[in-house]
Amino acid sequence: DLKQSIEVRGLNCDLDLHNIDNMMISQQNASMLYRIIQEITNNAIKHAEAKNIFIQLLKIENILHITIEDDGKGFDINQVLTKKGMGLKSIDSRVKYLNGTVHYDSSPNHGTTVNIEVPV
């Protein structure tokens, strides 16, 4: 669903899912994960002017690893993290609520990668 909504906006979106078929997760947590990924991809479209987005969900043991990469214009991670707009605050608080961690990797003109790990 999210992949299609990204592609309708004119971007290429690759979705890679591994070992999540039998994953047990509450509807509330699934909805929260969806909103996290949606916020990150919206940022890539709106702010980074990305043309390609890669989303990977990989479950290893009891951890769900989520990677979202874009080929947008990137940003100075230190500058953005000190200002933290509502989008990043929302992402961080949702990941924290799920007892997970989030790591942002970006630099100007090199796109952005967001890695999230959440126990499931």
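Select Lys59 first: in this predicted model, the residue is buried and yet has no salt bridge. The nearest side chain of opposite charge belongs to Glu61, and it is 9.2 Å away, whereas a salt bridge would need a side-chain nitrogen within 4 Å of a carboxyl oxygen. Lys59 sits in strand S2, which covers residues 52–60. To see what surrounds Lys59, add His18, Asn19, Ile20, Met23, Leu64 and Val120 to the selection, since these are the residues Lys59 touches once those up to four places away in sequence are set aside.

**The salt bridges**

How many salt bridges does the structure hold? The structure holds two, and each is worth displaying in turn.

Select Glu7 and Lys3, whose side chains meet in a salt bridge at 2.6 Å, N to O. Both lie in helix H1 (residues 2–8), and because they are four residues apart there, about one helical turn separates them. Glu7 counts as partly exposed because its relative accessibility is 33%, and Lys3, with a relative accessible area of 28%, is partly exposed as well.

Then select Lys73 and Glu49, where the side chains meet in a salt bridge at 3.6 Å, N to O. This pair links distant parts of the chain, 24 residues apart: Lys73 is in the loop between S3 and helix H3 (77–83), while Glu49 is in the loop between H2 and S2. Lys73 is partly exposed, its relative accessible area being 41%.

**Helix H2**

Move next to residues 27–46, which form helix H2. This helix has 20 residues and reaches 28 Å from its first C-alpha to its last, close to the 28 Å expected at 1.5 Å a residue. Which residues of H2 are buried? Colour Met32, Leu33, Ile36, Ile37, Ile40, Thr41, Ala44 and Ile45 to pick them out.

**Strands S3, S4 and S5**

Now show strand S5 (residues 112–119) together with strand S3 (residues 63–70), to which S5 is joined by eight bridges, the two strands running antiparallel. For a point of reference in this pairing, select Asp70, whose bridge partner in S5 is Thr112.

Keep S5 on display and add strand S4 (residues 101–106), which pairs with S5 in the antiparallel sense over six bridges. Here His103 can serve as a marker, with Asn115 as its bridge partner in S5. S4 and S5 form a hairpin with five residues between them, and in the turn you can select Asn109, which has a positive phi of about 70°.

**The whole chain**

Finally, show the entire chain, which has four helices and five strands. Read from the N terminus on, these elements run α-β-α-β-β-α-α-β-β. The radius of gyration is 14 Å, close to the 14 Å that the globule rule gives for 120 residues, so the chain is as compact as a globular protein of that length. Along the principal axes, the C-alpha atoms fill a box of roughly 40 × 30 × 20 Å.

If you colour the chain by accessibility, buried residues make up 38% of the 120 residues. A contact view adds to this picture: among contacts between residues at least 6 apart in sequence, 63% join residues at least 24 apart.

Terms used: Residues numbered from 1 in each chain as written. Predicted model: local features only at pLDDT ≥ 70, side-chain atom pairs only at ≥ 80, totals over all residues. Heavy atoms only, no water. Expected span 1.5 Å × (residues − 1). Buried < 20%, exposed > 50% of the residue type's maximum accessible area, 1.4 Å probe, protein only. Lys, Arg positive; Asp, Glu negative; His and termini not counted. Contact = heavy atoms within 4.5 Å. Pairing = 2+ DSSP bridges. Rg over C-alpha atoms; globule rule 2.2 N^0.38 Å.
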